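Here is a friendly walk through one structure, meant for someone meeting it for the first time. Keep the view open while you read.

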Amino acid sequence: MRLLLIENSHVDSAFVERMLRSAFLQLELVRVENLAKAVLLLEQDMGFDAIIASVSLPDSEGIDTVGRLLEVAAGIPLIALADIEDYGVSKRAIRLGVQDFLSKRILNSETLERSVRYSIERKKLAIRNERLLSSLGESERLLRTRTQKLEKACKTAQTFVENVSHEFRTPLTVIMEYASLLADGVAGSVTEEQSSLLGIIDDRAADLNTMVDDMLDVSKLESGMLGAARCRAEVGEIVSRVLPALQRKSQIREVTLQVDIPEDTPAVYCDSEKTGRVLINLVVNAIK
C-alpha cells in the first residue's frame, strides 16, 4: 500500500501515520507539508494508491485544496481531513469527487482503515464504469454508423430493384401484347402449332412478369416496406381474375384445371391482389 499524506501539522501527521501503520502491515507512506510539494509528486506519477489530505494547508484552504488535488490526481482516490466538521464544505467536496471527508476530532484507526480501503475500491469501480461507459458509447457510435450505412444500402438496393423491375416490365408487356395479337390473327392467320408456340411465349412472359412482382415484394418485405391493402373481397372474384392465366398454363402442360367454389362461400378480409398472386403461385407449382 503506497499512500500520500498531505499534512502540515506534525502532531496530526504523527497521529494519522500511527493509525495507518497499525491498519496496514505493508505500508509505504510519503508525507508532505503543503499543496505545492504534493502537486510536484503527483505530477511525477509516483504510483500512489490513495491520498489523505488536510484541507487546511499553508498554501491552500478548504475546497480549493480539494479542487486542485482532484485536478492533478483525477485517477487516485482522495480522502479529505478537516479540523472541524463542516457539512457544507464536505458536501461540496464529495460532489467534486472526494471519496470520503473525515473530521480529525472523531478519527480513529478503524474509521481511517475502512475509509482508505473503501475509497480505493470505489475509485476502481468508478474508473471501471467510466471505461465501460466509454466503450459502450463507442460501440453505440459504431452501431449508429453501421445502421446508417445499412439503411442507405437498403434504400439503394430498393431503388435498384424498382428500377430494374420497371425496365423489365416494359419489354415484357410488349412481348405479351404482340404475342396476343399474333395469336388472334391480326397479322395474318396462324397454324395450330404456331398458336401453341405463341401461347408458350405468352405464358413464359407472364412467368417473368410474376417473378418481377415477387422480386419487388421480397425486396419490400426485407426492408420492412411491404404493405397490405386489406378489405372485404369475394373468393369467386379473386379466382375469376387469375383463372385465365392459370388456364393457359394448364392447357400448355395438358393438365385439367377444375374450379369449384360453393355458392355459400363467405366473403374474406384480405389484400385481394396479393391473395391472387399467392393463389397463382400455389396452382402453378401444382401444375408443374
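## Spaces, a helix and a few residues

In the lining of the largest cavity, the residues split into six charged, two nonpolar and no polar. Before going further, a word of care: what you are looking at is a predicted model.

Back to that cavity. The lining is made up of Asp203, Arg204, Asp207, Lys249, Arg253, Val284, Ile287 and Lys288. The space inside comes to about 50 Å³, and the count of cavities of 30 Å³ or more is one. Two helices, H6 (192–222) and H8 (272–287), each give at least two residues to the lining. H6 has the largest share, with three residues.

Now for the pockets. The largest pocket takes up about 370 Å³. Its lining draws two or more residues from each of H6, H7 and H8. There are 16 lining residues, and those nearest the centre of the pocket are Asn209, Thr210, Asp213, Ala245 and Ile280.

The second largest pocket has a volume of about 220 Å³. Around it you'll find Ala179, Ser180, Ala183, Ser195, Ser196, Leu198, Gly199, Asp202, Arg248, Gln251 and Ile252. Here H5, H6 and H7 are the helices that each bring at least two residues to the lining.

Here are the two pockets side by side.

| Pocket | Volume | Largest share of lining | Lining make-up |
|---|---|---|---|
| Largest pocket | about 370 Å³ | H7, seven residues | six nonpolar, three polar, seven charged |
| Second largest pocket | about 220 Å³ | H6, five residues | four nonpolar, five polar, two charged |

H6 has turned up in the lining of the largest cavity, of the largest pocket and of the second largest pocket, and it deserves a look of its own. How far apart are the end C-alpha atoms of H6? They are 45 Å apart, and that agrees with the 45 Å that its 31 residues should span at 1.5 Å a residue.

Which residues of H6 are buried? They are Leu198, Asp202, Asp203, Ala205, Ala206, Asp207, Val212, Asp213, Leu216, Asp217 and Ser219. The cover over these buried residues includes helix H5 (109–183), helix H7 (235–252) and H8. Some of these names are familiar by now: Asp203 and Asp207 belong to the lining of the largest cavity, Asp213 is among the residues nearest the centre of the largest pocket, and Leu198 and Asp202 help line the second largest pocket. After H6 comes Gly224, with a positive phi near 75 degrees.

Another residue with a positive phi is Glu254, at about 55 degrees, although it is not a glycine. You can find Glu254 in the loop between H7 and strand E9 (268–270). Is Glu254 buried or exposed? Its relative accessibility is 75%, so Glu254 counts as exposed.

On to the cysteines. How many disulfides are there? The count is zero. Take Cys231: the closest cysteine sulfur to its own is in Cys270, 6.9 Å away, and that is too far for a bond. A disulfide would need the two sulfur atoms within 2.5 Å. Seen from the other side, Cys270 has Cys231 as the holder of its closest cysteine sulfur, at 6.9 Å, again too far for a bond. As for their surroundings, Cys231 is partly exposed because its relative accessibility is 37%, while Cys270 has a relative accessible area of 12% and is therefore buried.

Last stop: Val16, which sits in helix H1 (residues 10–23). With just 2% relative accessibility, Val16 counts as buried. What does Val16 touch, leaving out residues up to four places away in sequence? The residues are Leu5, Leu81, Leu107 and Leu112. Look at Leu107 in particular: 91 residues separate it from Val16 in sequence, yet their C-alpha atoms are 8.6 Å apart in space.

Definitions and conventions
Residues are numbered from 1 along each chain as its sequence is written. This is a predicted model: local features need pLDDT of at least 70, side-chain atom pairs count only at pLDDT 80 or more; totals for chains, interfaces and linings use all residues. Side-chain values use heavy atoms; hydrogens and water are left out. On a 1 Å grid over the protein atoms alone, a cavity is a set of points where a 1.4 Å probe fits but cannot get out, and a pocket is an open set with protein on both sides within 12 Å along at least five of seven lines; lining residues have an atom within 4 Å of a point. Grid points are joined across faces, edges and corners, and a volume is the space filled by probe spheres set on the points. Ala, Val, Leu, Ile, Met, Phe, Trp, Tyr, Cys and Pro count as nonpolar, Asp, Glu, Lys and Arg as charged, and the others, Gly among them, as polar. The expected span of a helix is 1.5 Å times one less than its number of residues. Buried means under 20% relative accessible area, exposed over 50%, partly exposed in between (1.4 Å probe, protein chains only). Contact means heavy atoms within 4.5 Å.
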